[in-house]
Amino acid sequence: MMVLGASEAGRAESFFSAPLLLQGDCPDPPEIPNAHPLLPDPPQFPTDTSITYSCNKGFVKIPDKSNSVVCLENNQWSESTEFCNRSCDVPPTFRFASLKPEYRTQNYFPVGSVVEYECRPGYKRNFSRSSNLTCLENLVWSKEPEFCIRKQCPSPPDLPNGQVHITDILFGSVIHFSCNAGYKLIGDHSSTCELVDNKLAWSNSHPECAPILCPSPPNIANGLWQPNENDEYPVGASVPYTCDRGFSLVGNKDLVCGSDGTWNSPPPECKVVSCENPVVENGIPVNPSRPPYSYKATLIFSCKSGFTLEGSAKITCESNSTWTPDPPKCLKMGFCENPEVKNGRVVESSQSPPYLYQTTLQFRCNPGFTMEGNPNIKCESNGTWIPPPPVCHSASTISSGNMGLILAVLIMKLITTG
């Protein structure tokens, strides 16, 4: 479509608005509907002068029709016909279809024109819908729903020990692959339905799910491990370790293959562990055994009559050949005499004097008396009360220390008020 320039439009306007006094053999160029002439400067038209016309805005040149006139020897212009008409724009493009070849170079589409489409590769015709568009009276193309639909790729095979995640298998679709727990994906994680040699096929070959295997367990000094059949160790496989005679196994007895293909812990150690016989004076082992004691051996103690146990009754032989916790002590059970608290009494006690080791007493003063000291005392192994029994004072008794404090307060008041 040709557009008239500003200067040419001005000349054309003056040409049609006022008579032109042209010098030459031919008169003014003829008027042609929906078009305007492109005049020379100055506007002279001798014989053989050719004048070209341009279509007005909104009109398109009709193919195979001439858009120019020539000044003939008889001082007349050559015959002219109407060559501009209204037209739809170039037909739309679709992702699923393209114009048939005979319409691809055309740019003139008057009202009623019909164009045809063909499906692009990867699509096929939906024959329930027309593949034609028509230029309507309002110079827009008719609308048609998708008349080409996507073709399908072959159904992907199953993935042993894994899954194929499919939304659909149409052209352009993507499928994804994953493996079950204990397996790893060998190959691509996804594949796309696309054109391969003008046929639909999956872009990537099918992967496989291979079992996750841990390496052979590490060897250890003074011990060994029991291999699995075929010396393969999939996720969850357990391998036991044992130590040579005279050695104790320190650490996890069994290694387990984890989901990431590594063992769940370092291998154990085989060590010489020997704890000496613990000496607990006045103590008796509840589960006696003969020394030396190996790793994780345990002893439980009680005390002889008249003695009380201080510490943990149960001790264990650890990897550094020491007992944990430290062996207990059996302390002689002392007796405490009845503590006298004048003007006071024991709150509650299920025992009577003399009192056994670790007996506790609580005191309360009689009415009219106040307590000085701790109301709770405990009988220790040496036969003494800790802390010492409290003292109950008469409420009307004021100690010399308290009297001094009162006098000091009175003196300060006198000074501040005087």
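Me: What share of the protein counts as buried, and what makes a residue buried?
Reply: Of the 418 residues, 29% count as buried. That word means under 20% relative accessible area; exposed is over 50%, and partly exposed is in between (1.4 Å probe, protein chains only). By the way, you're looking at a predicted model: local features need pLDDT of at least 70, side-chain atom pairs count only at pLDDT 80 or more, and totals for chains, interfaces and linings use all residues. Residues are numbered from 1 along each chain as its sequence is written, and side-chain values use heavy atoms, leaving out hydrogens and water.

Me: Why is Ser142 called buried or exposed?
Reply: Ser142 has 18% relative accessibility, so it counts as buried. You'll find Ser142 in the loop between β9 (132–134) and β10 (148–150). Leaving out neighbours within four places in sequence, Ser142 is in contact (heavy atoms within 4.5 Å) with Leu133, Thr134 and Leu136.

Me: And what does Ile300 count as?
Reply: Ile300 comes out at 33%, so it counts as partly exposed. Ile300 sits in strand β25 (residues 298–303). Its C-alpha atom is 5.4 Å from that of Ala313, although the two residues are 13 apart along the chain. Beyond four places in sequence, the residues Ile300 touches include Ile284, Val286 and Ala313.

Me: What makes something a strand here, and how many does the protein have?
Reply: Strands are DSSP runs of E with at least two residues, while helices are runs of H or I with at least four, all numbered from the N terminus. The protein has 37 strands and two helices.

Me: How do you know that β12 and β14 pair?
Reply: Two strands pair if DSSP finds at least two bridges between them. Strands β12 (residues 174–179) and β14 (residues 190–196) run antiparallel and are joined by three bridges, so they pass. One partnership puts His176 together with Ser190 of β14.

Me: Why do β11 and β15 count as edge strands?
Reply: They belong to an open, antiparallel sheet of four strands in the order β11-β12-β14-β15. β11 (162–165) and β15 (199–202) each have a single partner strand, so one side of each has no neighbour in the sheet.

Me: Which strands are the edges in the sheet β24-β25-β27-β28?
Reply: That open sheet has four strands with antiparallel pairing. Its edges are β24 (283–285) and β28 (323–324), each pairing on one side only. β27 (residues 314–317) and β28 share two bridges, so they pair too. Cys317 stands opposite Trp323 in β28.

Me: What makes a group of residues a nonpolar core, and which members touch the most others in the largest one?
Reply: A nonpolar core is a set of buried Ala, Val, Leu, Ile, Met, Phe, Trp, Tyr and Cys residues joined through side-chain atoms within 4.5 Å. The largest core has 26 residues, and those touching the most other members are Phe94, Phe96, Ala97, Val115, Tyr117, Trp141 and Phe147. β6 (97–99), β7 (114–119), β12 and β15 each give two or more residues to this core.

Me: How do you know where confidence is lowest and highest?
Reply: pLDDT is the predictor's confidence in each residue, from 0 to 100. Helix α1 (residues 6–17) is lowest, with a mean of 44, and β12 is highest, at 97. Over the protein the mean is 86, with 89% of residues reaching 70 or more. Across residues 1–23, pLDDT stays under 50.
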